[in-house]
Amino acid sequence: MIVVWDATPAVERFVSRGLWGDDRGVGPCQGVGFADATGRMVAGVLLHNYQPDGGVIEVTGYSETRRWLTRGALEAVCGYVFRHCQLAVARISEHNATA
């Protein structure tokens, strides 16, 4: 998997279309995407709704494949959360078993 940094708008569109079928987004966020060998995005995670006083952040993700979630991907997605937050709330559709 190729980690896609600095492409938050594209990651937000990918996740939104996968979860809700439209481009509604989640508001201000930071996105991390994952592409396959052809460069096609196959997974994305959005970090948003950060509440610094409580150390809480929301994590919303969508994936089209199980192969994206490697140890390196976990570090890319969760590294910030584990170092700077006390609680992460994940929003993943119950229909998206690959995420």
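Good morning. A salt bridge, as I use the term today, is a side-chain nitrogen of Lys or Arg within 4 Å of a carboxyl oxygen of Asp or Glu. By that rule, the structure shown above contains 5 salt bridges. Please keep in mind throughout that this is a predicted model.

Before I turn to those pairs, let me set out the overall architecture. The protein has 2 helices and 5 strands. Read from the N terminus, the order of elements is β-α-β-β-β-α-β. For 99 residues, a compact globule would have a radius of gyration near 13 Å, and the 13 Å of this protein agrees with that. Along the principal axes, the C-alpha atoms occupy a box of roughly 40 × 30 × 25 Å. Of the 99 residues, 43% count as buried. As for how the chain is connected, consider contacts between residues at least 6 apart in sequence: 54% of these join residues at least 24 apart.

I turn now to strand E2, which spans residues 29-35. In E2, 5 of the 7 residues are buried, so the strand is largely enclosed by the rest of the structure. Which strands does E2 pair with? Strand E1, residues 2-4, runs antiparallel to E2 and is joined to it by 3 bridges. Within that pairing, Val4 has Gly33 of E2 as its bridge partner. Strand E3 also runs antiparallel to E2, and here the number of bridges is 7. Val32 stands opposite Val45 in E3. The hairpin formed by E2 and E3 has 5 residues between the strands, and in it Gly39 adopts a positive phi near 95 degrees.

Strand E2 also brings us to the interior, through Phe34. The model has 2 aromatic pairs. In one of them, Phe34 and Trp68, the ring centres are 5.0 Å apart and the planes meet at 50 degrees, so the pair is classed as tilted. Phe34 belongs to E2, whereas Trp68 sits in the loop between strand E4 (56-63) and helix H2 (71-84); the two residues are 34 apart, and the pair links distant parts of the chain. Are these two residues buried or exposed? Phe34 has a relative accessibility of 1% and counts as buried. Trp68, at 6%, is buried as well.

Both residues reappear when we look at the nonpolar cores. The largest core has 14 residues, and the members that touch the most others are Phe34, Trp68, Val77 and Val81. Elements E2, E3 (41-51), E4 and H2 each give two or more residues to this core. Which element supplies the largest share? That is H2, with 5 residues. There is also a second, separate core of 8 residues, with Leu19, Val26, Met41 and Tyr62 among them.

Let me now return to the salt bridges with which I began. Side chains of opposite charge can pair when their charged atoms come close. Where the chain passes through residues Arg17 to Arg24, two such pairs can be described. Asp23 bridges to Arg17, with 2.6 Å between the closest N and O atoms. Asp23 is partly exposed, at a relative accessible area of 45%, and Arg17 is likewise partly exposed, at 48%. The other pair is Asp22 with Arg24, at 3.0 Å from N to O. Here Asp22 has a relative accessibility of 30% and counts as partly exposed. Arg24 reaches 52%, and therefore counts as exposed, the cut-off for that class being over 50%.

A further salt bridge joins Arg40 to Glu64, whose closest N and O atoms are 2.7 Å apart. Arg40 lies in the loop between E2 and E3, and Glu64 in the loop between E4 and H2, so this pair ties together parts of the chain that are 24 residues apart in sequence. Arg40 is partly exposed, at 44% relative accessible area; Glu64 is partly exposed too, at 40%. This pair does not stand alone, since Asp36, Arg40 and Glu64 are linked in a network of salt bridges.

To close, I would set two links side by side. Phe34 and Trp68 join E2 to the loop between E4 and H2 through an aromatic pair. Arg40 and Glu64 connect the loop between E2 and E3 to that between E4 and H2 through a salt bridge. Thank you for your attention.

Terms used:
Residues numbered from 1 in each chain as written. Predicted model: local features only at pLDDT ≥ 70, side-chain atom pairs only at ≥ 80, totals over all residues. Heavy atoms only, no water. Phe/Tyr/Trp six-rings, centres within 6.5 Å; stacked < 30°, edge-to-face > 60°. Helix = DSSP H or I, 4+ residues; strand = E, 2+ residues; numbered from the N terminus. Buried < 20%, exposed > 50% of the residue type's maximum accessible area, 1.4 Å probe, protein only. Core = buried A, V, L, I, M, F, W, Y, C linked by side-chain atoms within 4.5 Å. Pairing = 2+ DSSP bridges. Rg over C-alpha atoms; globule rule 2.2 N^0.38 Å. Contact = heavy atoms within 4.5 Å.
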